[in-house]
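Q: Please pick one helix and take me through it slowly. I am new to reading structures, so explain each term as you use it. Then show me how that part fits into the rest of the chain.

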Amino acid sequence: MFASLQTQFLNYWNKTSKSQRIVTITLLLAAAILIPTLIQWANTPSYSVAFSGLSEADAGQIVQKLEENGIDYRLRDSGTILVRSDKVYDVRLRMAREGLPKSSTVGYELFSQNTLGMTEFTQRVNYQRALEGELERTIGSIESIESVRVHVVTPEKSLLVSDQAPTTASVTLKVKPGRNIEIAQVRAITHLVASSVEGLQPENVVVVDTEGNMLSSGGSDDLANAAAQSD
């Protein structure tokens, strides 16, 4: 059978012109290159986003757990972790059992998503979420703070200035074990939040810790109390 095929090929080859032979050789070489490439591409697993917008601490802990469990992953910028598409939900459940991610703060990367068709109300809500997230990231970078939550309340604008309710904000701090929050840090957090939100005054910013202690409500007396509590 092989001899018959060889004879047929030689007969075909002898009947073809030089240009036809060049085309045939080119096609055979292309097939020899493309077929293995296509096979490799078909066998390459696809990856999907399992987590995005992670803090450096959360990303590091999740990567460590993935490596401990022998789970293949891809790490991208901005705290994005991809795993094989068929493992996404399994990985999320595994990490949830480990209490990860510990924080799911969303910042201005929220606006990198498609906003086509969003209502003005949704855009305002997303802006507030992003602003709160960015403040949480900034405050959370203070060495003595383990975690932080920021909530901003922006009332609807009133037709009468005298009836306009003020913008307010609350900051909840979890201090690292064995560490203290200093009076200067509380004052800095208060003014950071106030200066980041339009129309927000420092006296309308409340700072508390997870133990229920009032660290500041914008007044100097509260800052003094914060110093006394930290001591």
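A: Start with the naming. Helices (H or I, at least four residues) and strands (E, at least two) are DSSP runs, numbered from the N terminus. Residues are numbered from 1 along each chain as its sequence is written. This is a predicted model, where local features need pLDDT of at least 70, side-chain atom pairs count only at pLDDT 80 or more, and totals for chains, interfaces and linings use all residues, while side-chain values use heavy atoms, with hydrogens and water left out.

Now the part to watch. H191 sits in helix α6, and T190 belongs to α6 too. The helix has 14 residues, and its first and last C-alpha atoms are 20 Å apart, close to the 20 Å expected at 1.5 Å a residue. That expected span is 1.5 Å times one less than the number of residues.

Which way do its residues face? Three words help here: buried means under 20% relative accessible area, exposed means over 50%, and partly exposed is in between (1.4 Å probe, protein chains only). The buried residues in α6 are Q185, V186, I189, T190, V193 and A194. Those residues cover an arc of only 165° around the axis, which puts them on the same side of α6. The arc is taken from the directions that run from the helix axis to the C-beta atoms.

Compare two neighbours. T190 has a relative accessible area of 4%, so it is buried. H191 has 43%, so it is partly exposed. T190 also has partners elsewhere in the chain. A contact means heavy atoms within 4.5 Å. Setting aside neighbours within four places in sequence, T190 is in contact with P202, V205, V207 and S216. P202 matters for H191 as well: the C-alpha atoms of H191 and P202 are 5.9 Å apart, though 11 residues separate them along the chain.

Move on to the loop between α6 and β6, where V197 lies. V197 is buried, because its relative accessible area is 7%. Beyond residues up to four places away in sequence, V197 touches L131, L135, V152 and T167. L135 is 62 residues from V197 along the chain, and their C-alpha atoms are separated by 9.9 Å.

What does the buried side of α6 join? Look at the largest nonpolar core. A nonpolar core is a set of buried Ala, Val, Leu, Ile, Met, Phe, Trp, Tyr and Cys residues joined through side-chain atoms within 4.5 Å. This one has 20 residues, and I139, V171, L173, I189 and V193 touch the most other members. Two or more residues come from each of α5 (120-140), β4 (145-153), β5 (167-175), α6 (183-196) and β6 (200-209). Follow V171: outside residues up to four places away in sequence, its contacts include I139, I189, V193 and V205. A second, separate core of 14 residues includes F51, L54, V91 and M95.

The strands listed for the largest core also pair. Two strands pair if DSSP finds at least two bridges between them. β4 and β5 are antiparallel over 8 bridges, with V152 opposite A169 in β5. β5 and β6 run parallel, joined by 6 bridges. There A169 stands opposite V205 in β6.

For contrast, try helix α3. Its 13 residues (56-68) should span 18 Å at 1.5 Å a residue, and its end C-alpha atoms are 18 Å apart, which agrees. D58, A59, I62, V63 and L66 are buried in α3. They cover an arc of only 130° around the axis, which puts them on the same side of α3. These buried residues pack against β1 (47-51), β2 (73-76), β3 (80-84) and α4 (88-97). The face turned away carries the exposed residues E56, E67 and E68. Just after α3, G70 takes a positive phi of about 65°.

Finally, step back. The protein has 7 helices and 7 strands. Of its 231 residues, 26% are buried. Among contacts between residues at least 6 apart in sequence, 56% join residues at least 24 apart.

How far can you trust the picture? pLDDT is the predictor's confidence in each residue, from 0 to 100. The protein averages 78, and 76% of the residues score at least 70. Residues 226-231 fall below 50, and this stretch has 8 contacts in the model beyond near neighbours in sequence. Where pLDDT is low, the predicted coordinates should not be read in detail.
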